[in-house]
Amino acid sequence: MTQRDRSSGTGIDPAAYSVAGFEDFRRRAADPRLSPHEKSGFPDLYREGRGGTILNDILAKMPPLCERGRRVLDIGPGSSSLPMAVIEHCIRQQHSLVMVDSAEMLALLPDHAAITKIAGAFPAALPAVQKSGAGFDAILVYSVAQYVFAEGNLWSFVDLAAGLLNPGGTLLIGDLPNASMRKRFLASAAGREHHRRHVDPNNDPVVDFNLAEPGQINDAVVFAILQRMRLAGFDAFVLPQAPELPQASRREDILIRRP
Ligand SMILES: C[S@@+](CC[C@H](N)C(=O)[O-])C[C@H]1O[C@@H](n2cnc3c(N)ncnc32)[C@H](O)[C@@H]1O
């Protein structure tokens, strides 16, 4: 997010909520001044009461989640309304749910016989994940990959997560902030209107193309993940978010499926 357009879609400045990685989230999880959404790095307006809407978009993309009695892995669940909706859904569908995040973040989530909590960062937590049982039918990595991209090795993260899929299983790397998509939006009439409504009523956004974007996911990263996964024997697709999601104009999802 540049100084030129700091709009979050609701007029909130996301920089006020910026986090750099796993350790920052761990500290936020333990900070009693923050709401459950803020602990997960979101302004309340993005997530308060929206867990069900986001989950519906995820369910439409991940058929195994809609079945019964499946093994589900949520890497980086955080503590917002989304993991609460995921937990309720998994209990209702009699899934077994494994969640991997910091101990501080996991402590904010309810305990249940269907839930196994594994404290640690993925893929360092891989041995414990593997020990929890055979492969997984649905793996959710939602609004997490951008932090792994910035501070870790997204390639081994994705390789190792996809390697946990059962045949027919799906991995959703969701809510990817794509800097190229954001620029396309801001350069459009809709983006200019959005900018004038939420950021600066007097000026159009300044959008710079042909720039290096250290630490940011862009089209190059999205398409490289698709190609890498396909070459590794998976089906892989990039999918839009439902328009009612708070950042659908600049975020998209990658779906990986083991044939
Ligand atoms: C922006 S929050 C997203 C939370 C949740 N998935 C959602 O969309 O509401 C990112 C979460 O990923 C966790 N996280 C970051 N890197 C991780 C990693 N390498 N392994 C597991 N969790 C990670 C953070 O601790 C945080 O809880």
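Ala, Val, Leu, Ile, Met, Phe, Trp, Tyr, Cys and Pro count here as nonpolar, Asp, Glu, Lys and Arg as charged, and the others, Gly among them, as polar. These classes are used below for a pocket in this structure, which is a predicted model.

The second largest pocket holds about 460 Å³ of space. Its lining is made up of 32 residues. Sorted by class, 18 of the lining residues are nonpolar, ten are polar and four are charged. Phe22, Phe25, Gly76, Asp101 and Val144 are the lining residues that lie nearest the centre of this pocket. Under the class definition, Phe is nonpolar, Asp is charged and Gly is polar.

Several elements contribute to this pocket. Those that give two or more residues to its lining are the helices H1 (22–29), H6 (81–92) and H9 (145–151), together with the strands E1, E2 (96–101) and E4. The element that gives the most is H9, with four residues.

Strand E4, one of these lining elements, can be followed further. E4 covers residues 136–142, and seven of its seven residues are buried, so the strand is largely enclosed by the rest of the structure. E4 pairs with strand E1 (residues 71–75), and the two run parallel, joined by three bridges. In this pairing, Val72 stands opposite Ala138 of E4. E4 also pairs with strand E5 (residues 165–177), again in the parallel sense, over six bridges. Here Phe136 stands opposite Leu165 of E5. In a regular strand, side chains alternate between the two faces of the sheet.

The next topic is the cysteines. A disulfide is a covalent bond between the sulfur atoms of two cysteines. How many disulfides does a search of the whole structure find? The search finds zero. For Cys66, the closest cysteine sulfur is that of Cys90, and because it is 11 Å away, it is too far for a bond. The cut-off for a disulfide is a pair of sulfur atoms within 2.5 Å. Cys90 is likewise in no disulfide, the sulfur of Cys66 being the nearest at 11 Å.

Are Cys66 and Cys90 buried or exposed? Cys66 has 42% relative accessibility and so counts as partly exposed. Cys90 has 1% relative accessibility and therefore counts as buried; the limit for buried is under 20%.

The last stop is Ser35, which lies in the loop between H1 and helix H2 (36–39). Ser35 counts as buried because its relative accessibility is 16%. Ser35 and Leu239 are 204 residues apart in sequence, and their C-alpha atoms are 30 Å apart in space.

Technical notes: Residues numbered from 1 in each chain as written. Predicted model: local features only at pLDDT ≥ 70, side-chain atom pairs only at ≥ 80, totals over all residues. Heavy atoms only, no water. Buried < 20%, exposed > 50% of the residue type's maximum accessible area, 1.4 Å probe, protein only. Pairing = 2+ DSSP bridges. 1 Å grid on protein atoms, 1.4 Å probe; cavity = no way out; pocket = protein on both sides within 12 Å on 5 of 7 lines; lining within 4 Å. Points joined across faces, edges and corners; volume = space filled by probe spheres on them.
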